[in-house]
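Work through the exercises below with the sequence and the model at hand. Each task is followed by a solution in steps.

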Amino acid sequence: MNLSFKKSLALIAGIIFFFSCQKGMEKPILAEKEFTKTSANRSSGATQISGLGFWDAADGCNSGAQGADFALTMTGDLEGCLYVFVDEFECSPSGTYSEIGREKFVGTYNGEAGEFWTTYRFEAKYEGCAENGSYLGLEIFGRCQHPIVEGSGKGVFDGVKGRLDLKDDIEAGNYPYRGHFRF
């Protein structure tokens with residue numbers, strides 16, 4: 001197969017994957033009234049979490065000290081810093097961009113401190129691509145999945161399993177997240 005055909009095939013697969021995943025993100029896993037998030041009952045099942053992430057433009061998280069490429073400030077159920085470590089990225093001539101890496105969350109859940117690691121896959125559409133495989137111009141849309149690395153939790157997140165999903169809100173300039181944790 002030639003390179004152009006492979007890129008076209010990858011773009012089509014990415015578009016199909018994007019729209020099929022969007023359908024599943026419409027429904028919450030558990031309604032808020034079905035599960036109260038307290039320390040006493042965290043182990044009884046999956047806990048729905050949600051909130052907003054914001055680009056840490058002022059670097060209040062001090063991402064450089066963590067060796068991270070950048071950080072997001074997390075609010076909502078997770079309060080703290082999400083440090084992002086980019087491992088690989090690529091951009092197709094159409095502006096379809098993908099990135100994989102690792103993240104470390106350090107902060108609180110229900111007022112209790114802890115941390116955990118995730119792996120992530122980010123997919124987006126940008127106005128264009130740079131020669132080095134990065135993106136150029138403004139983001140048109142984007143989203144990512146963040147499965148928690150098993151055994152990485154400390155503090156309140158000791159033994160946690162689950163996943164976070166973020167969908168970029170381009171107009172608002174933030175990153176709404178939701179997901180489920182199993183303690």
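**Exercise 1. Describe the overall build of the chain.**

Solution. Read from start to end, the chain follows the pattern α-β-α-β-β-β-β-β-β-β-β. This comes to two helices and nine strands. The model is a predicted one. Next, turn to burial: of the 183 residues, 39% count as buried. The accessible surface is about 10100 Å², and 56% of that surface belongs to carbon and sulfur atoms. Last, look at contacts between residues at least 6 apart in sequence: 49% of them join residues at least 24 apart.

**Exercise 2. Trace how strand 6 is paired on the strand 5 side and on the strand 8 side.**

Solution. Start with strand 5 (residues 112-129), which pairs with strand 6 (residues 135-147) in the antiparallel sense over eight bridges. One bridge to locate in the model is that of Glu123, whose partner in strand 6 is Arg143. Then follow the connection: strand 5 and strand 6 form a hairpin with five residues between them. In the turn, Gly133 has a positive phi of about 95°.

Now go to strand 8 (residues 161-167), which runs antiparallel to strand 6 and is joined to strand 6 by five bridges. Here Gln145 has Asp165 in strand 8 as its bridge partner.

**Exercise 3. Classify the ring pair Phe116 and Phe157, then the pair Phe157 and Phe181.**

Solution. A pair of aromatic rings is described by two values, the distance of the centres and the angle of the planes. The whole structure holds 15 aromatic pairs. For Phe116 and Phe157, the centres are 4.9 Å apart and the planes stand at 75°, so this pair is edge-to-face. The cut-off used in that step is an angle over 60 degrees. The two residues come from distant parts of the chain: Phe116 is in strand 5, Phe157 is in the loop between strand 7 (154-155) and strand 8, and 41 residues separate them.

Check burial next. Phe116 has a relative accessible area of 0% and is buried. Phe157 is also at 0% and counts as buried.

For Phe157 and Phe181, the distance is 6.1 Å centre to centre with 90° between the planes, and this pair is edge-to-face. Phe157 lies in the loop between strand 7 and strand 8, and Phe181 lies in strand 9 (residues 175-182), so the pair ties together parts that are 24 residues apart in sequence. Phe181 is buried, as is Phe157.

To finish, place these rings in their group: Phe105, Tyr109, Phe116, Phe157, Phe181 and Phe183 form one aromatic cluster.

**Exercise 4. Which residues of the largest nonpolar core touch the most other members, and which strand supplies the largest share of this core?**

Solution. In soluble globular proteins, nonpolar side chains tend to be buried together. The largest nonpolar core here has 26 residues, and those touching the most other members are Leu78, Phe116, Phe157, Leu164 and Phe181. Strand 2 (70-76), strand 3 (78-91), strand 4 (96-109), strand 5, strand 8 and strand 9 each supply at least two of its residues. The largest share, five residues, comes from strand 5.

Take Leu78 as an example. Leaving aside neighbours within four places in sequence, Leu78 is in contact with residues including Ile49, Phe105, Tyr109, Phe116, Phe157, Leu164 and Phe181. Finally, note a second, separate core of six residues; among them are Cys61, Ala68, Cys81 and Tyr83.

Definitions and conventions: Residues numbered from 1 in each chain as written. Predicted model: local features only at pLDDT ≥ 70, side-chain atom pairs only at ≥ 80, totals over all residues. Heavy atoms only, no water. Pairing = 2+ DSSP bridges. Helix = DSSP H or I, 4+ residues; strand = E, 2+ residues; numbered from the N terminus. Buried < 20%, exposed > 50% of the residue type's maximum accessible area, 1.4 Å probe, protein only. Contact = heavy atoms within 4.5 Å. Areas by Shrake-Rupley, 256 points an atom, 1.4 Å probe, with all protein chains shown as cover. Phe/Tyr/Trp six-rings, centres within 6.5 Å; stacked < 30°, edge-to-face > 60°. Core = buried A, V, L, I, M, F, W, Y, C linked by side-chain atoms within 4.5 Å.
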